[in-house]
Amino acid sequence: MASTGPSQVDVDRLETWTRYRNGLCAGCVANCCTMPVEVRLPDLVRLQLVDAFEAEHEAPKQIARRLAKAGLVEHFNFKRSIFTLARRASGDCLYLDAVTRRCTVYDQRPDTCRKHPQVGPRPGYCAYAPADGLGRGRR
């Protein structure tokens, strides 16, 4: 794990997170986009990974198998019907642009992302790190 200092954050250590305020995302390296993203079927439909017909007529477990085989889902919680989106080897979300550090599916993003940081591991706080290249908190 990364050591933490005044300009560093460790996404796994919630005490290093910053209280969220409007505008903070504009200057951040998107550490939140390195955390696992749990989604439900409506999110997968919005992301166009599953069509509405398939969501209505196919068992979630079958959908999970197909998406896992395609490298789009890394885990499926059968009991709660929650899918965890796959991430790149770097830990980044599949939908995070590696250069701009911005979401490539922002308008279609899952509810988990829409509700962050109001809902999450530390509500009201985020794993902010300045986009100047310092403080990139990686796993």
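**Figure 1. The chain as a whole.** Two strands pair if DSSP finds at least two bridges between them. Helices (H or I, at least four residues) and strands (E, at least two) are DSSP runs, numbered from the N terminus. The model is predicted: local features need pLDDT of at least 70, side-chain atom pairs count only at pLDDT 80 or more, and totals for chains, interfaces and linings use all residues. Residues are numbered from 1 along each chain as its sequence is written, and side-chain values use heavy atoms, with hydrogens and water left out. The protein chain holds 4 helices and 5 strands. Read from the N terminus, its elements follow the order β-β-α-α-α-β-β-α-β. The protein chain has 139 residues, and 35% of them are buried (under 20% relative accessible area; exposed means over 50%, partly exposed in between; 1.4 Å probe, protein chains only). Take the contacts (heavy atoms within 4.5 Å) in the protein chain with a separation of 6 or more: 59% of them join residues 24 or more positions apart.

**Figure 2. A sheet of 3 strands.** Strands of a sheet pair through backbone hydrogen bonds, either parallel or antiparallel. Here the sheet is open, its order is β2-β4-β3, and its pairing is antiparallel. Strands β2 and β3 form the edges, each pairing on one side only. Strand β2 meets β4 through 2 bridges, and the two run antiparallel. On that side, Glu38 faces Thr84 of β4. On the other pairing, 4 bridges link β3 (residues 73-77) to β4, again in the antiparallel sense.

**Figure 3. Bridge partners of β3 and β4.** Begin at Val73, which stands opposite Leu85 in β4. Next comes His75, which stands opposite Thr84 in β4. Thr84 also has Glu38 opposite. Phe76 has Phe83 of β4 as its bridge partner. The hairpin of β3 and β4 has 4 residues between the strands. Within this hairpin, Ser81 takes a positive phi near 50 degrees.

**Figure 4. The two sides of β4.** Which residues of β4 share a direction? Ile82 and Thr84 point one way. Phe83 and Leu85 point the other way. Side by side or opposed, these four are all buried.

**Figure 5. Ala30 and its positive phi.** Ala30 sits in the loop between β1 (18-19) and β2. Its phi is near 70 degrees, a positive value in a residue other than glycine. Is Ala30 buried or exposed? Its relative accessible area is 8%, so Ala30 is buried. How many residues separate Cys103 and Ala30 in sequence? They are 73 residues apart, yet C-alpha to C-alpha they are 8.9 Å apart in space.

**Figure 6. Arg101 and Cys103 in one loop.** Arg101 lies in the loop between β4 and α4. Cys103 is also found in the loop between β4 and α4. Arg101 is not a glycine, although its phi is positive, at about 60 degrees. Its relative accessibility is 8%, so Arg101 counts as buried. Cys103 has a relative accessible area of 31%, so Cys103 is partly exposed. Set aside the neighbours of Cys103 within four places in sequence, and Cys103 is in contact with Tyr95 and Leu96.

**Figure 7. A cis peptide bond after α4.** The bond runs from His116 to Pro117. This peptide bond is cis, and its omega is near 10 degrees. Pro117 is found in the loop between α4 and β5 (125-126).

**Figure 8. The largest pocket.** Rolling a probe the size of a water molecule over the atoms shows where empty space is left. A pocket is an open set of points, on a 1 Å grid over the protein atoms alone, where a 1.4 Å probe fits, with protein on both sides within 12 Å along at least five of seven lines; lining residues have an atom within 4 Å of a point. Grid points are joined across faces, edges and corners, and the volume is the space filled by probe spheres set on the points. The largest pocket encloses about 1000 Å³. Its lining has 43 residues, and the closest to its centre are Cys32, Thr112, Cys113, Arg114 and His116. Four elements each give two or more residues to this lining: β2 (38-39), α1 (41-46), β4 (82-85) and α4 (111-115). Which element gives the largest share of the lining? Helix α4 does, with 5 residues. His116, one of the residues closest to the centre of this pocket, is also where the cis bond to Pro117 starts.
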